[in-house]
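Take a look at the side chains in this model. Two kinds of contact will guide the walk: aromatic pairs and salt bridges.

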Amino acid sequence: MKGNAKIIDSLNSLLVGELTSMDQYFIHSRMYQDWGLNKLYERIDHEFDDEKGHASRIIERILFLEGTPDLSQRKGLNIGKDVPEMLEFALQLEYSIDKALKVAIKTCEDEQDYQTREILEGMLADTEEDHAYWLEQQLGLIKKIGLPNYLQSQMG
């Protein structure tokens with residue numbers, strides 16, 4: 001099905017964010033694993049898989065619309081030096097993806113591509129209700145119980 005160029009461009013723009021977050025979650029998960037923070041490793045490795053799934057859905061949609069997915073682009077990675085910084089960098093990335101998804105959803109509305117909009121709305125819900133919310137919770141826990149207690153809770 002020949003797709004709208006604006007939609008394909010919008011999807012390729014979203015793909016940059018998903019691939020960037022995938023890379024950032026990947027390195028952070030391995031850092032957590034190396035530090036013995038197994039619960040954080042498992043959760044962030046799960047986030048890596050989620051972002052890979054988002055990227056896959058975007059690629060599949062671009063291909064369906066007879067576009068060419070551009071996997072060569074990435075934003076700069078923000079690799080944290082400690083847990084709070086890593087969580088904060090991940091949260092900022094999720095906020096930027098949230099904003100980009102809303103812009104893309106608006107483009108879908110304007111171009112009357114309701115199927116792509118539906119796909120993106122599912123990704124938006126995942127970004128807001130799972131990824132960003134969980135990161136906000138973790139940063140809140142660090143403030144409430146202190147970093148040493150938080151880190152101890154993540155070793156299990």
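Two rings of Phe, Tyr or Trp count as an aromatic pair if their centres lie within 6.5 Å, with the six-membered ring used for Trp. The model is a predicted one. It holds two aromatic pairs.

Start with Phe-26 and Phe-48. Their ring centres are 5.2 Å apart and their planes meet at 40°. Planes under 30 degrees apart would be stacked, and planes over 60 would be edge-to-face. The angle of 40° fits neither class, so this pair is tilted. Phe-26 sits in helix α1, residues 5–34, and Phe-48 in helix α2. The two are 22 residues apart, and their pair links distant parts of the chain. How accessible is Phe-26? Phe-26 is partly exposed, at 37% relative accessibility. Phe-48 has a relative accessible area of 14% and is buried.

The other pair is Tyr-32 with Trp-35. Here the centres are 6.3 Å apart. The planes stand at 75°, and the pair is edge-to-face. Tyr-32 is buried, with just 1% relative accessible area. Trp-35, at 37%, is partly exposed.

Now turn to charge. Side chains of opposite charge can pair when their charged atoms come close. Across the whole structure, a search finds twelve salt bridges.

Which side chain meets Glu-47 in a salt bridge? The partner is Arg-43, at 2.7 Å from N to O. Both residues belong to helix α2, which covers residues 38–64. They are four residues apart, so about one helical turn separates them. Glu-47 is buried, and its relative accessible area is 1%.

Arg-43 also forms a salt bridge with Asp-130, at 2.6 Å from N to O. Asp-130 lies in helix α4, residues 114–145, whereas Arg-43 lies in helix α2. The pair therefore ties together parts that are 87 residues apart in sequence. Asp-130 is partly exposed, with a relative accessible area of 21%. The cut-off for buried is under 20%, so a value of 21% falls outside that class.

Stay in helix α4 for one of the other bridges. Arg-117 pairs with Glu-121, and their closest N and O atoms are 3.7 Å apart. The bridge qualifies because the cut-off is 4 Å. Both residues lie in helix α4, four residues apart, about one turn of the helix. Glu-121 is partly exposed, at 36% relative accessibility.

Finally, put the shared partners together. Salt bridges join Arg-43, Glu-47 and Asp-130 into one network.

Technical notes: Residues numbered from 1 in each chain as written. Predicted model: local features only at pLDDT ≥ 70, side-chain atom pairs only at ≥ 80, totals over all residues. Heavy atoms only, no water. Buried < 20%, exposed > 50% of the residue type's maximum accessible area, 1.4 Å probe, protein only.
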